[in-house]
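Trainee: I would like to take a close look at a single part of this model, one helix together with the helices packed against it. Could you take me through that part with care?

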Amino acid sequence: MTRSTGTARLHRALLAPQATRSNALPAGAWWLWALGLATAASRTTNPLLLGLLVGVAGYVVAARRTDAPWARSYGAFIKLGLFVVGVRLVFSVFLGSPIPGTHTVFTLPEVPLPDWAQGVRIGGRVTGEQLVFASYDGAKLATLLICVGAANSLANPARLLKSLPGALYEVGVAVVVAMTFAPNMVADVVRLRTARRLRGRATGGVGAVLQIGLPVLEGALERSVAVAASMDARGYGRTAQVPPAVRHTTNALTLGGLLGVCAGTYGLLAVQGAVYGLPLLLAGLVAAMAGLRLGGRRSVRTRYRPDRWGVRAWLVAGSGAVVAAAMIWAASVDPAALRPGVVPLIAPVLPLWPAAAVLAGLLPAVVAPVPPPNSRTSKEQP
């Protein structure tokens, strides 16, 4: 009886609870998870691994997103990713590519250019190697956008603002307002198109777009005025008096730390800078956190119900870090598996242990709290 009782308690502890205001994951955990997936995508051009990353992000979004307006923007990021792949292919076809190839697909009329434009061509021969390389490159960028879209669909922008340090309050407000504008605009477009469809009007074409665009812009303007009024009512922009020495030290630490973070991140993403990237990133993070800590003294605002990082939040953020670290390690150990060659053309092969590491990104679909069902779903259930 004791063993069965302990097993039942462990099973209940592992099950994801119903999401409430008190146990909802912090927005930073979702962003760290998505940035981990995006870092992994930046280390490979293997279409099988990129497709696996997209599948992992899509499954977690489908399992844990809510009915909030920002949660409906994931489809727009998928369409944007497909558009990026198409644009990359179009540029490769019409402007050429430095990738040589022997498998000619078709030939376009080539526009003669002057001598000073050597190395640039418009039209000409289009090879299969060229198209495959362009599709790999576009798929990598599309995967990055889709991972960012997953974070934008799962993280509450208002809660992300509450998690920022006091020194970044003004910048955080601007970023959160900008992030909220796009999902709300997408929700307005969907709502207006549905209303036009129910009234028997056309939802496609230039005329329909013009008729939908005006109400969308009007709604965006109304939201902007409401946000400005609420910010003014809450005393936005008020600061405390800080000594000049502390202010100068804060600026030096913050700017130096952010430069170190940028250089370290570039080193981690670039193949040549993986050695010095991690020390620079850590040093930049320490300096930036010290600067933000000092800069928070001039903020006079209080924080109501701050987000607490529990075990589930650390598991979500850690799963993204595991995926990124495994992909960075795989890129240094076996780069050929993560970047399949196109000259000569070879079929991409799915490496087993990097693919298994990518599957660790599915952990949020198990440990993150389950969003509450909407009213329509609850009414349909018996």
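**Helix α2 and its two partners**

Mentor: In this predicted model, helices α2 and α5 run roughly antiparallel to each other, because their axes cross at roughly 175 degrees and an angle over 145 degrees counts as roughly antiparallel. The axes of these two helices come within 9 Å. On the α2 side the residues that meet α5 include Trp30, Trp31, Trp33, Ala34 and Leu37, and on the α5 side the residues that take part include Lys140, Thr143, Leu144, Cys147 and Val148.

The second partner of α2 is helix α11, residues 311–333, and here the two axes are 8 Å apart at an angle of about 10 degrees, so that α2 and α11 are roughly parallel to each other. Among the α2 residues that meet α11 are Ala29, Trp30, Leu32, Trp33 and Gly36, while α11 contributes, among others, Ala313, Val316, Ala317, Gly320 and Val323. Those five residues of α11, Ala313, Val316, Ala317, Gly320 and Val323, are buried, as are others in that helix, including Met327 and Ile328.

Trp30 and Trp33 deserve attention, since they appear in the contacts of α2 with α5 and also in those with α11. Both of these tryptophans are buried. The structure holds one aromatic pair, and Trp30 and Trp33 form it, edge-to-face, with 5.9 Å centre to centre and 80 degrees between the planes. Because they stand three residues apart in α2, which covers residues 27–42, about one helical turn separates them. An α-helix has 3.6 residues a turn, so residues three or four places apart point the same way.

As for the partners themselves, α5 covers residues 128–154 and reaches 38 Å from its first C-alpha to its last, close to the 39 Å expected for its 27 residues. For α11, whose 23 residues should span 33 Å, the end C-alpha atoms are 32 Å apart, which agrees. At the N-terminal end of α5, Thr127 acts as a cap, with a side-chain oxygen 3.2 Å from the backbone nitrogen of Gln130. Gln130 is also one of the residues in contact with Ser92, a residue of helix α4 that counts as buried because its relative accessibility is 1%; beyond its neighbours within four places in sequence, Ser92 also contacts Ser97 and Ala134.

Note on methods:
Residues are numbered from 1 along each chain as its sequence is written. This is a predicted model: local features need pLDDT of at least 70, side-chain atom pairs count only at pLDDT 80 or more; totals for chains, interfaces and linings use all residues. Side-chain values use heavy atoms; hydrogens and water are left out. Helices (H or I, at least four residues) and strands (E, at least two) are DSSP runs, numbered from the N terminus. The expected span of a helix is 1.5 Å times one less than its number of residues. A polar contact is a pair of N or O atoms within 3.5 Å; within protein, one must be able to donate a hydrogen and the other to accept it, and residues adjacent in sequence count only if both atoms are side-chain atoms. Rings of Phe, Tyr and Trp (its six-membered ring) pair if their centres lie within 6.5 Å; planes under 30 degrees apart count as stacked, over 60 as edge-to-face and the rest as tilted. Buried means under 20% relative accessible area, exposed over 50%, partly exposed in between (1.4 Å probe, protein chains only). Contact means heavy atoms within 4.5 Å. Axes are lines fitted to C-alpha atoms, for helices over the stretch in contact, and angles run from 0 to 180 degrees between N-to-C directions. Angles under 35 degrees count as roughly parallel, over 145 as roughly antiparallel, 65 to 115 as roughly perpendicular and the rest as oblique.
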